[in-house]
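Please look through the sequence and the model shown here before reading on. The report is meant to be read with both in view.

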Amino acid sequence: MNPIPVIGRFAPSPTGDLHFGSLVCAVGSFLEAKSAGGKWLLRIEDIDPPREVAGSASRIIRDLQRLGMEADDPVLYQSNRLDAYQQALDRLLEDGLAYPCACSRKDLPASGIYPGTCREGIRAGRAPRSIRFRVNHSCIFSDGIQGEVSDLPADSSGDFVIRRADGLFAYQLAVVVDDHFQGVTQVVRGADLLDSTSRQICLQKALGFDAPDYLHLPVVLSGDGKKLSKRLRADPVIHQDPVVSITKALQFLGQQPPDGCSLETLWQWALKHWDKRQVPARRALSPTAMKA
Ligand SMILES: [Zn+2]
């Protein structure tokens with residue numbers, strides 16, 4: 001029997017240009033897959049049009065190529081996958097694992113934890129707005145970098161929305177359906193998504209999908225301790241020389257790349273020497289604090 005091929009992926013949403021935080025995730029996912037002889041895929045998570053920035057998907061793809069990272073398969077766009085999300089949603093509804101919810105934001109408690117109001121049916125006179133997934137189990141999982149994570153969806157969110165009141169599919173559902181569709185065996189991404197992971201594992205179980213391995217990298221903090229975001233537009237690193245950008249990303253991930261080589265040589269070194277055990281097991285880290 002052939003071993004299951006390693007497949008990793010980088011899945012940005014086109015809400016702005018690549019920044020140092022997303023570059024770190026791209027580099028980590030690329031090296032974890034490619035150093036194991038696997039494939040690295042690129043998926044554009046473009047199912048939330050109100051948040052998207054025109055042209056950013058093509059700029060992300062172009063910047064990744066310029067930095068030496070090219071996907072092994074054609075880029076998958078989530079906007080082309082709506083039928084698959086609908087099928088998964090229908091299955092969950094048929095199996096009683098999802099249900100319509102009539103609550104609006106003002107019906108929910110300040111904690112944000114859904115109290116299960118519509119679990120046994122919608123009250124008379126109210127119309128369904130969203131669809132929620134019925135969370136029956138908690139998920140403890142072992143993360144390849146952060147260790148054991150016991151974030152419990154029932155405590156952190158309760159039954160969560162998988163189709164929003166505006167009719168859009170929720171991130172959690174689309175990711176799970178696509179990771180399965182693309183045969184993804186390892187998910188390497190920022191630790192800001194740790195609380196999504198247990199929800200995604202619940203969805204995988206409900207849909208009968210295998211769970212990939214998870215590795216959550218420390219989130220890049222800016223100088224003032226805030227998470228770098230596309231909206232802050234705070235980092236010029238990807239406008240720098242590609243060698244400088246990739247070197248900084250490798251250093252952030254605890255690797256010790258050589259100085260003064262070409263981009264090609266740097267990648268050869270990185271593929272040969274990538275060691276996920278050197279990645280700091282931290283939820284967040286500022287690049288300057290790391291050097292100290
Ligand atoms: Zn409700």
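The sections below go from the whole chain to its strands, a helix, its cores and one loop residue.

## The chain as a whole

This is a predicted model, and the secondary structure of its protein chain comes to 9 helices and 12 strands. Along its principal axes the C-alpha trace spans about 70 × 50 × 35 Å. For 292 residues, a compact globule would be expected to have a radius of gyration near 19 Å, and the 20 Å found for this chain agrees with that.

Of the 292 residues, 41% count as buried. When contacts between residues at least 6 apart in sequence are considered, 78% of them join residues that are at least 24 apart.

## Strand E1 and its partners

Strand E1 covers residues 7-10, and from it Ile7 and Arg9 point one way while Gly8 and Phe10 point the other way, although all of these residues are buried. E1 pairs in the parallel sense with strand E2, residues 39-44, over 4 bridges, and in this pairing phenylalanine 10 stands opposite leucine 42 of E2. Helix H1, residues 20-34, belongs with these two strands, since E1, H1 and E2 make a right-handed β-α-β unit.

E1 is also joined by 2 bridges to strand E9, residues 186-190, and these two strands run parallel. Here glycine 8 of E1 stands opposite glutamine 186 in E9.

## The two sides of helix H2

Helix H2 covers residues 56-66, and within it Ser56, Ala57, Ile60, Asp63 and Leu64 are buried. These residues lie on the same side of H2 because they cover an arc of only 130 degrees around the axis. Such a pattern can be read from the geometry of a helix: an α-helix has 3.6 residues a turn, so residues three or four places apart point the same way.

On the other side of H2, Ser58, Arg62 and Gln65 are exposed, whereas the buried residues of H2 are covered by elements that include H1 and E2. Just after H2, glycine 68 takes a positive phi of about 100 degrees.

## Two nonpolar cores

The largest nonpolar core has 44 residues, and those with the most contacts inside it are Val24, Ala26, Val27, Phe30, Leu217, Ala249 and Leu253. H1 gives the most to this core, with 9 residues. A second core, separate from this one, has 27 residues and includes Phe133, Ile162, Leu203 and Ala206.

Alanine 26 shows what such contacts look like for a single residue: leaving aside its neighbours within four places in sequence, alanine 26 is in contact with Phe10, Leu64 and Met69. Of these partners, Phe10 belongs to strand E1 and Leu64 to helix H2.

## Isoleucine 122 in its loop

Is isoleucine 122, which is found in the loop between strand E4 (98-101) and strand E5 (130-133), buried, partly exposed or exposed? Isoleucine 122 has 16 other C-beta atoms within 10 Å; a residue would need 20 or more to be buried and 12 or fewer to be exposed, so isoleucine 122 is partly exposed.

Leaving aside its neighbours within four places in sequence, isoleucine 122 is in contact with Pro100, Ala102 and Pro128. Glutamine 204, by comparison, is 82 residues from isoleucine 122 in sequence, and the two are 26 Å apart in space, C-alpha to C-alpha.

Technical notes: Residues are numbered from 1 along each chain as its sequence is written. This is a predicted model: local features need pLDDT of at least 70, side-chain atom pairs count only at pLDDT 80 or more; totals for chains, interfaces and linings use all residues. Two strands pair if DSSP finds at least two bridges between them. A crossover is right-handed if, with the strands pointing away from the viewer, the path from the first strand over the helix to the second runs clockwise. The arc is that of the directions from the helix axis to the C-beta atoms. Two residues are in contact if their C-beta atoms, placed from the backbone, lie within 7 Å. The radius of gyration is taken over C-alpha atoms; the globule rule is 2.2 Å times the number of residues to the power 0.38. A nonpolar core is a set of buried Ala, Val, Leu, Ile, Met, Phe, Trp, Tyr and Cys residues joined through C-beta atoms within 7 Å.
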